Amino acid sequence: MTTAPGAPMPAGAVGLRPAVGETVAASTGPFPDGTPDFWFDLPIGFSEFDLDEDPEDRMLRTAEAIDPLFADATPVQKFSLVLSGEYALHTMLKAGAEHISTCLYRMADGQLSQGTLAVFIERPTMGPEVQDRTGSARRTAEQWHMLYPDAEAAVVMLPYGPSALCIRDQDLMLPGALCGLDESVPTTVRFVEVCVPLKTGPGSVLFLFMTEDREHWDDYLQILSGIMKSVSADEVPGEKERSAGHER
């Protein structure tokens with residue numbers, strides 16, 4: 001089996017530095033001090049959805065963002081990007097996602113490319129305060145291998161710790177309305193799932209990335225590798241200093 005290579009993070013994908021990306025904090029809480037369970041960086045090109053935003057307002061805002069980025073795209077292409085993004089968002093929300101972001105890239109060959117990242121957090125109500133993270137990752141990889149015999153499933157070592165990785169393709173039928181058609185449209189979507197057992201107690205965080213663009217898979221592997229390498233239990237660098245400055 002192969003795993004995602006240890007590619008470097010995209011240039012500038014360092015959290016909270018001007019115009020280079022975004023650092024995201026997530027918590028399975030509740031914690032009295034509000035300390036997140038983990039942090040991770042979103043590279044340039046990813047935009048986080050406001051999960052509480054009105055869907056109509058969100059679609060209008062997305063359309064406005066797409067227009068200058070892909071000025072030579074046809075109206076149908078832009079419309080398809082907006083609707084497919086909203087469709088993916090609703091699907092992930094129903095599944096309990098805590099974070100959803102989408103990326104829009106123009107690849108080196110000029111093609112438009114889109115992907116969606118979702119983060120799910122599982123915190124059991126009962127369990128040991130310190131879990132066997134290696135054992136948990138191994139069991140998850142074995143379960144994925146049984147569920148998806150044709151997938152690549154393995155245990156990988158991230159800077160955060162042992163994690164389970166699964167890469168698989170799935171044939172889906174997308175609503176034809178997304179492409180301006182009456183009938184459903186067949187497509188193949190590549191899914192990447194990374195299950196990261198938490199250091200802060202029982203439970204895990206699942207990173208799920210999906211894209212129809214398998215042609216540029218090598219590019220996405222580098223981007224996803226950077227995201228996963230950024231996962232950390234530590235605060236964002238400089239956060240304590242900024243907080244102290246606000247308190248003065």
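## Salt bridges, cores and a buried aspartate

The structure holds three salt bridges. Keep in mind as you look around that this is a predicted model. Here are the pairs side by side.

| Salt bridge | Closest N to O |
|---|---|
| Glu-193 and Arg-168 | 3.1 Å |
| Arg-190 and Asp-169 | 2.7 Å |
| Arg-214 and Asp-169 | 3.5 Å |

Let us start with the pair formed by Glu-193 and Arg-168. Glu-193 sits in strand S8 and Arg-168 in strand S7, so this bridge joins distant parts of the chain, 25 residues apart. Are these two residues buried or exposed? Both Glu-193 and Arg-168 are buried.

Next comes the bridge between Arg-190 and Asp-169. Because Arg-190 belongs to strand S8 and Asp-169 to strand S7, the pair ties together parts of the chain that are 21 residues apart in sequence. Arg-190 is buried, at a relative accessible area of 15%, whereas Asp-169, at 38% relative accessibility, counts as partly exposed.

Asp-169 also has a salt bridge with Arg-214. Here the parts tied together are 45 residues apart in sequence, because Arg-214 is in the loop between S9 and H4 while Asp-169 is in strand S7. Arg-214 counts as partly exposed, with a relative accessibility of 38%. Put together, Asp-169, Arg-190 and Arg-214 form a linked network of salt bridges.

Now move to Asp-213, which is found in the loop between strand S9 (204–211) and helix H4 (217–229). How far away is the nearest side chain of opposite charge? That side chain is Arg-214, 7.9 Å away, and Asp-213 has no salt bridge although it is buried. A salt bridge needs the nitrogen and the carboxyl oxygen to be within 4 Å, so a charged pair beyond that cut-off does not count as one. What Asp-213 does have is a polar contact from its side chain to the side chain of Ser-113, at 2.6 Å. A further polar contact, at 2.7 Å, joins the side chains of Asp-213 and His-216. Leaving out residues up to four places away in sequence, Asp-213 touches Met-107, Ser-113 and Tyr-220.

It helps to step back to the whole chain. There are five helices and nine strands, and from the N terminus on they follow the order β-β-β-α-α-β-β-α-β-β-β-β-α-α. The chain has 248 residues, of which 45% count as buried. Among contacts with a separation of 6 or more, 61% are between residues 24 or more positions apart. The accessible surface of the chain comes to about 13700 Å², with 55% of that belonging to carbon and sulfur atoms.

Finally, the nonpolar interior. The largest nonpolar core has 30 residues, and those with the most contacts inside it are Phe-38, Phe-40, Phe-46 and Phe-207. Elements giving two or more residues to this core include strand S2 (38–42), strand S4 (99–106) and strand S5 (112–122), along with S9 and H4. Which element gives the most to this core? That is H4, with seven residues. Another core, of 11 residues, lies apart from it and has Leu-89, Met-92, Ile-100 and Phe-120 among its members.

Phe-207 is a good residue to centre your view on. Its contacts, leaving aside neighbours within four places in sequence, include Phe-38, Phe-40, Leu-117, Val-194 and Met-228. Glu-193 is also in contact with Phe-207, which brings us back to the salt bridge that Glu-193 forms with Arg-168.

How values were computed: Residues are numbered from 1 along each chain as its sequence is written. This is a predicted model: local features need pLDDT of at least 70, side-chain atom pairs count only at pLDDT 80 or more; totals for chains, interfaces and linings use all residues. Side-chain values use heavy atoms; hydrogens and water are left out. Helices (H or I, at least four residues) and strands (E, at least two) are DSSP runs, numbered from the N terminus. Buried means under 20% relative accessible area, exposed over 50%, partly exposed in between (1.4 Å probe, protein chains only). Lys and Arg count as positive and Asp and Glu as negative; His and the chain ends are not counted. A polar contact is a pair of N or O atoms within 3.5 Å; within protein, one must be able to donate a hydrogen and the other to accept it, and residues adjacent in sequence count only if both atoms are side-chain atoms. Contact means heavy atoms within 4.5 Å. Accessible areas come from the Shrake-Rupley method with a 1.4 Å probe; for residues, only the protein chains shown count as cover. A nonpolar core is a set of buried Ala, Val, Leu, Ile, Met, Phe, Trp, Tyr and Cys residues joined through side-chain atoms within 4.5 Å.
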